[in-house]
Amino acid sequence: MLDAFQKFLEIRQAIKSEIGVAPYNWFELPNSVDIDWLAYSLMLDEHARELANSLNEMRQFIVNLKAWSEVLEETGEDLERKHFIIYEFVCPLATLALNLPYVIRSRFFYSIAHLCHQANRVDESQWSDDDLPIDSKIYQEQADLHGKSWIKYQKLKCALEKVCNKEYQRDTLDFRNKYNHRYSPRIEIGITSLVTRNVDMHGFVSYGFGGIEPLKLKNLIPLLERQHSELMLTFSLYKELVYEQLVAISKNNA
């Protein structure tokens, strides 16, 4: 199967991807900041880097899936070869890629909650360090609470609501939720959910039989590209929020 991997490398090299790359080192803190802003400074440095890493990781997964999709097309009717490629290479990549929109969305809200909480120190009379829960309990609600006083937050929040939204969940057959809690659809080959138990609003129970068809790369790749595009827009709006905060911090620090 080494020839299949060699073919993958050749195809990937030739792919002219239009998917954007998330930037690094795009902000600049004041040369000297008060100790009160140390936490914000270190958090921003880490969060900006890790968010860019996550976005660029997703980009690479999409490019790899595109290349493997072409390899599968060229494999033809050699089922043994095709199954090997799907199980060894395609399934792990697709599983990670399908989960990443939700993962990155959560990371954005986590970062926003922390940075806004710290940046709100510009008004010391209204600031308290005990109104942010521990990290494991930080969700969108905390980002909303601490971000509400920042002008740029509302557009950022609206952009994040398009990531891993109901449309994406529908088109991926709710893959992320089922993968983590039940049995998700397969990738390319295989059927799941042969029996489904349903309970209607009146409590009536019924059973469905038939199964769910696998998700195909030709349909998944465009979905993932759109999600990545939404996340890149989110990242640009995240930068605007940070710039707004840095202006306020610079004035306060001065």
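## A buried serine in helix α3

At 1% relative accessibility, Ser111 counts as buried, because the cut-off for that class is under 20% relative accessible area. This residue belongs to a model that is predicted, and Ser111 is found in helix α3, which covers residues 79–119. When residues up to four places away in sequence are not counted, Ser111 touches His47, Leu51 and Tyr238.

## The chain as a whole

The protein chain holds 8 helices and 2 strands, and from the N terminus on its elements follow the order α-α-α-α-α-α-α-β-β-α. Taken along the principal axes, the box filled by the C-alpha atoms of the protein chain is roughly 70 × 55 × 25 Å.

Of the 254 residues in the protein chain, 42% count as buried, and Ser111, with its 1% relative accessibility, is one of the buried residues. Among the contacts in the protein chain with a separation of 6 or more, 76% are accounted for by residues 24 or more positions apart.

## Helix α2 against helix α3

Helix α3, the element in which Ser111 is found, packs with α2 at an angle of about 160°, and the two axes are 9 Å apart. Angles over 145 degrees count as roughly antiparallel, and α2 and α3 are therefore roughly antiparallel to each other. The crossing in which α2 passes α3 is left-handed, and the contact of α2 with α3, sorted by class, has 27 nonpolar, 7 polar and 4 charged residues.

## Helix α1 against helix α2

Helix α2, which spans residues 38–75, also meets helix α1, which spans residues 2–14: their axes come within 9 Å and cross at roughly 125°. That angle makes α1 oblique to α2, and the crossing of α1 and α2 is right-handed.

On the side of α1, the contact is made by Ala4, Phe5, Lys7, Phe8, Ile11 and Arg12, while on the side of α2 it is made by Gln60, Val63, Asn64, Ala67, Trp68, Glu70, Val71 and Glu74. Sorted by class, the contact of α1 with α2 has 8 nonpolar, 2 polar and 4 charged residues.

## The loop between α7 and β1

The loop that lies between α7 (175–181) and β1 (195–199) contains Ser184, which is buried with a relative accessible area of 12%. Leaving aside its neighbours within four places in sequence, Ser184 is in contact with Phe175, Lys178, Tyr179 and Thr192. As for a more distant part of the chain, Ser184 and Met43 are 141 residues apart along the sequence, and their C-alpha atoms are separated by 35 Å.

Glu188 also lies in the loop between α7 and β1, and although Glu188 is not a glycine, it has a positive phi of about 75°. With a relative accessible area of 16%, Glu188 is buried. The loop between α7 and β1 is likewise the place of Ser193, a residue other than glycine whose phi has a positive value, near 55°. Unlike Glu188, which is buried, Ser193 counts as partly exposed, at 24% relative accessibility.

## The hairpin of β1 and β2

After this loop comes β1 (195–199), which pairs with strand β2 (residues 205–209) in the antiparallel sense over 5 bridges. Within this pairing, Arg197 stands opposite Tyr207 in β2, and the bridge partner of Asn198 in β2 is Ser206. The hairpin of β1 and β2 has 5 residues between the strands, and in this hairpin Gly203 takes a positive phi near 85°.

Note on methods: Residues are numbered from 1 along each chain as its sequence is written. This is a predicted model: local features need pLDDT of at least 70, side-chain atom pairs count only at pLDDT 80 or more; totals for chains, interfaces and linings use all residues. Side-chain values use heavy atoms; hydrogens and water are left out. Axes are lines fitted to C-alpha atoms, for helices over the stretch in contact, and angles run from 0 to 180 degrees between N-to-C directions. Helices (H or I, at least four residues) and strands (E, at least two) are DSSP runs, numbered from the N terminus. Angles under 35 degrees count as roughly parallel, over 145 as roughly antiparallel, 65 to 115 as roughly perpendicular and the rest as oblique. A crossing is left-handed if the near helix is turned anticlockwise from the far one by less than a right angle, and right-handed if clockwise. Contact means heavy atoms within 4.5 Å. Ala, Val, Leu, Ile, Met, Phe, Trp, Tyr, Cys and Pro count as nonpolar, Asp, Glu, Lys and Arg as charged, and the others, Gly among them, as polar. Buried means under 20% relative accessible area, exposed over 50%, partly exposed in between (1.4 Å probe, protein chains only). Two strands pair if DSSP finds at least two bridges between them.
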